[in-house]
Each structure stands twice: as structure tokens, then as C-alpha cells.
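Please open the model in your viewer and keep the selection panel at hand. The stops below go from strands to confidence and then to aromatic rings.

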Amino acid sequence: MKHMRIVVTVGLALSMLAGAIQAQAPPAAQARKKVLFLTHAGLYKHTSLGPAEDAVTEWGKTSGFDVTTVQGYKQDSRNLDMSFLTPEYLNSFDGLMLFTNGNLPFTPAQRQSIVDFVRKDRKSTRLNSSH
């Protein structure tokens with residue numbers, strides 16, 4: 001039952017994110033969009049994080065967007081290197097998706113770049129898994 005609730009939550013969030021991303025471009029210019037999907041298991045290693053990354057990536061292939069993941073859930077949460085997340089890197093994406101528990105080790109500058117990204121009418125969604 002818990003797994004089904006997570007799958008439904010992920011599906012709903014993906015539908016909203018995809019709709020928002022597709023609405024950005026005029027119908028005649030539907031280039032593939034890019035989504036950055038960050039997962040992180042800081043408090044508990046949920047078994048749903050890997051399947052969520054796989055599902056989002058596969059869904060993107062058939063829905064007109066490419067997904068970049070870093071498999072954060074596989075990394076040691078105390079040593080997660082997020083130095084790649086610069087404003088320039090983040091701005092190469094059309095959407096941002098976070099599926100985390102615990103705080104990602106962002107610097108203040110990285111946090112601000114995420115705020116700026118969302119304020120520039122980019123799309124974001126945050127997923128939550130509960131026990």
C-alpha cells in the first residue's frame with residue numbers, strides 16, 4: 001500500500017510538471033525539454049527513490065522531455081557532492097524535480113540559484129514519501 005501511494009504521488013507530480021513544461025513552448029516549436037531530477041536519502045533510504053528515477057526517465061522518453069539524474073540516493077548522504085549545481089548548470093534545464101528526505105547539502109549560493117530558477121517562471125515540483 002505504501003509503495004502504491006508513492007507511485008500515485010510521483011505520477012500526479014509528474015503530470016503537473018510535464019503539463020507545465022509543455023505549456024511553455026508554442027505547439028509548433030515543441031523541442032524536447034530538460035528536467036533535472038534530484039533524489040537524496042538523508043534520513044532514510046527509501047526503496048522508492050531508484051524506481052522513481054527510472055519511471056520519470058522512461059516517462060520522459062515518451063512525453064517529450066529528457067531527464068538528468070545524479071542517483072543521489074545511492075551516495076553517502078554525508079558526502080553528497082552537489083558542487084555541479086551552479087546557476088549556469090541549473091539554467092540549462094526547463095524543470096526541476098526533487099524527491100528527498102533530509103536536507104540536501106546546498107550552499108547558500110546554490111539555494112539562491114534554485115529560488116532564482118523558480119522565479120524565472122521555470123517549473124519545479126517536490127515529492128514527499130511517507131511511511
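Two strands count as paired if DSSP finds at least two bridges between them, and the elements themselves are DSSP runs numbered from the N terminus, helices being H or I runs of at least four residues and strands E runs of at least two. This is a predicted model, in which local features need pLDDT of at least 70 and side-chain atom pairs count only at pLDDT 80 or more, while totals for chains, interfaces and linings use all residues. Residues are numbered from 1 along each chain as its sequence is written, and side-chain values use heavy atoms, with hydrogens and water left out.

Select strand β1, residues 33–41, of whose nine residues eight are buried (under 20% relative accessible area, with exposed meaning over 50% and partly exposed in between, for a 1.4 Å probe and protein chains only). Add strand β2, residues 65–69, which runs parallel to β1 and is joined to it by five bridges; within this pairing, Val 35 has Val 67 as its bridge partner. Then add strand β3, residues 95–101, which pairs with β1 in the parallel sense over seven bridges, and look for Met 97, the bridge partner of Phe 37.

Next, colour the chain by pLDDT, the predictor's confidence in each residue on a scale from 0 to 100. The chain averages 76, and 69% of the residues score at least 70. Among the elements, helix α1 (residues 2–24) has the lowest mean pLDDT, 50, and helix α3 (residues 87–90) the highest, 94. Over residues 3–8 the pLDDT is below 50, and beyond near neighbours in sequence this stretch has five contacts in the model, a contact being heavy atoms within 4.5 Å.

Now show the aromatic side chains. Rings of Phe, Tyr and Trp (its six-membered ring) pair if their centres lie within 6.5 Å, and planes under 30 degrees apart count as stacked, over 60 as edge-to-face and the rest as tilted. By this rule there are three aromatic pairs. Trp 59 and Phe 65 have ring centres 5.2 Å apart and planes at 75°, so the pair is edge-to-face; Trp 59 is partly exposed at 27% relative accessible area, whereas Phe 65 is buried at 5%. Tyr 89 and Phe 93 are also edge-to-face, because their planes lie at 70°, with the ring centres 5.2 Å apart.

Finally, select Phe 84 together with Tyr 89 and Phe 93, which ring pairs link into a cluster. Tyr 89 is partly exposed at 28%, while Phe 93 is buried at 2%. Over the face of Phe 93 lies Lys 34, at 5.0 Å from the ring centre; a charge sits over a ring if NZ of Lys or CZ of Arg is within 6 Å of the ring centre and within 35 degrees of the ring normal.
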